[in-house]
Amino acid sequence: MLSAALAVAWVLAALVAPVLSRVHSLFSPGWSVRVLGLGALALAVATLSSVVAAVCAMGVSVGLPVGWLWAVMSFVVALGVSRVVVHVSRMRALSRSADVFRRGVSDDHGVLLVDDPVPAAFAVPGGRGAVVATTGLRDALSAAEFDAVLRHERAHLRHHHQVYVQMAELAACVNPILRQWCREVRFAAERHADECAARAGRAVTAQALAKVALLTSATARAAPDRLGISDGAHAIVQRVCALRRPAPRRQRIMPLVAAVLLLVAVGADSTVTIDWMQDRLVAERAESVADLLR
């Protein structure tokens, strides 16, 4: 029973990885962001708890004292979350450095127009948030295309895409085999922002996306604290093609039900492993530590 519980999260992670990109065909862009972000975080917690439980089980089998079990398990957890601490520290530093953009916003629409010939546009989350665009990008686009870019960036802030992106980033810090989820969450976030921008015109949004991708191809650099309209070449082609098609239909209920059931299963698996460890590490009133380690 315990061995099956320990394997569930890892088996799910292994089975989902090869078909992860198909999630976008099952969910609307907005739901893809949520499902992928929450799924990655849930799997990270479940796989980490299963590793800790496995270490606990090995310690119990060799008769390791409870104090030593706590020490060994704390060490394993520390290893698992050490990259999380580094990542969070880096995000905090980047957020502090982005304050210059947030403080610079002076209009009611949360847009900061920077006098710079280099074409660029990105969203800066945190606080009231800010949309940053350069005069170089504004001058290279038509008024309608530039408005589409601003709508895209505002959508990132309004729907809190960065929260789900960071869920996946933290999950990958805990368990590196979940790294692929980061790329898929980011793609889903960009697709959702595209669809939000396209409500005022799909053709002009697709045209703006293609132009921005070409304009920023030489200068774009991935920044983990920002979400912009540009992305890798393959992803750009996919996004432009999606905008050339009709808007996505309303979300079907069955994929959502399946996603909820999977999340519940992963959560239940984590609960089982954590409860098993608690039973062996914390003596209850009617039990002694010796009884629990039998």
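His-160 counts as exposed in this predicted model, because its relative accessibility is 51% and the cut-off for exposed is over 50%. His-160 sits in the loop that runs between α7 (143–158) and α8. The phi angle of His-160 is near 55 degrees, which is a positive value in a residue other than glycine.

Ser-50 is a buried residue. With a relative accessibility of 2%, Ser-50 counts as buried, because buried means under 20%. Ser-50 belongs to helix α3, which covers residues 29–61. When residues up to four places away in sequence are not counted, Ser-50 touches Leu-6 and Trp-10. The polar partners of the Ser-50 side chain include the following.

| Partner of the Ser-50 side chain | Part of the partner | Distance |
|---|---|---|
| Trp-10 | side chain | 2.8 Å |
| Thr-47 | backbone oxygen | 2.7 Å |

Trp-10 thus appears both among the residues that Ser-50 touches and as the partner in a side-chain polar contact.

The nonpolar cores come next. In soluble globular proteins, nonpolar side chains tend to be buried together. The largest nonpolar core here has 28 residues, and the members that touch the most other members are Phe-27, Leu-36, Leu-43, Leu-178, Trp-181 and Val-185. Two or more residues of this core come from each of α1 (2–16), α3, α8 (161–174), α9 (179–197) and α12 (253–281). Helix α3 gives the most, with seven residues. Another core, of 14 residues, lies apart from this one; Leu-48, Cys-56, Trp-276 and Met-277 are among its members.

Phe-27 has a part in both the largest core and the lining of the second largest pocket. Its contacts, leaving aside neighbours within four places in sequence, are with Ser-32, Val-35, Gln-251, Pro-255, Leu-256 and Ala-259.

The second largest pocket holds about 510 Å³ of space. Its lining is made up of 22 residues, and those closest to the pocket centre are His-24, Ser-25, Phe-27, Arg-191 and Pro-248. The elements that give two or more residues to this lining are α2 (23–26), α3, α9 and α11 (233–244). Helix α9 supplies the largest share of the lining, four residues. By type, the lining of the second largest pocket has nine nonpolar, six polar and seven charged residues.

Helices α3 and α9 are among the elements that give two or more residues to the largest core, and both are also among those that do so for the lining of the second largest pocket.

Conventions. Residues numbered from 1 in each chain as written. Predicted model: local features only at pLDDT ≥ 70, side-chain atom pairs only at ≥ 80, totals over all residues. Heavy atoms only, no water. Buried < 20%, exposed > 50% of the residue type's maximum accessible area, 1.4 Å probe, protein only. Polar contact = N/O pair within 3.5 Å; in protein donor to acceptor, adjacent residues only side chain to side chain. Contact = heavy atoms within 4.5 Å. Core = buried A, V, L, I, M, F, W, Y, C linked by side-chain atoms within 4.5 Å. 1 Å grid on protein atoms, 1.4 Å probe; cavity = no way out; pocket = protein on both sides within 12 Å on 5 of 7 lines; lining within 4 Å. Points joined across faces, edges and corners; volume = space filled by probe spheres on them. Nonpolar A, V, L, I, M, F, W, Y, C, P; charged D, E, K, R; others polar.
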